[in-house]
Amino acid sequence: IKEAIQLGIAKININTELRLAFSGNLRRYLNNNLEEITPYKFLLDAENSVKNLVIRKIELFGSNNKA
């Protein structure tokens, strides 16, 4: 990916990866916490998994500290 960016690729789609991170984390959490019914508790982990993936992608793409 870094090489592709260096060669001029300007758009890289990561939507599927973000969806998989969110849904996978949500499934794991709910499977391990069957009694939980409070959305803000189980959605926080799913949200954080997406946030962490976005941070990693920004760093991989060399876009950190850019406006």
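Three exercises on a predicted model follow, each with a worked solution.

Residues are numbered from 1 along each chain as its sequence is written, and side-chain values use heavy atoms, with hydrogens and water left out. In this predicted model local features need pLDDT of at least 70, side-chain atom pairs count only at pLDDT 80 or more, and totals for chains, interfaces and linings use all residues.

**Exercise 1.** State the confidence of the chain and of its elements.

Solution. pLDDT is the predictor's confidence in each residue, from 0 to 100. Its mean over the chain is 93, and 100% of the residues reach 70 or more. Helices are DSSP runs (H or I, at least four residues), numbered from the N terminus. Among the elements, helix α2 (residues 15–32) has the highest mean, 96, and helix α1 (residues 2–6) the lowest, 89.

**Exercise 2.** Place K57, then decide whether K57 is buried or exposed and list its partners.

Solution. K57 lies in helix α3 (residues 39–60). Buried means under 20% relative accessible area, exposed over 50%, partly exposed in between (1.4 Å probe, protein chains only). K57 counts as buried because its relative accessibility is 12%. Contact means heavy atoms within 4.5 Å. Beyond its neighbours within four places in sequence, K57 contacts I14 and E17.

**Exercise 3.** Do likewise for Y29, and give its C-alpha distance to F42.

Solution. Y29 sits in helix α2. With 19% relative accessibility, Y29 is therefore classed as buried. Leaving out residues up to four places away in sequence, Y29 touches E36, K41, F42 and D45. From Y29 to F42 the C-alpha distance is 6.6 Å, at a separation of 13 residues in sequence.

Methods:
Helices (H or I, at least four residues) and strands (E, at least two) are DSSP runs, numbered from the N terminus.
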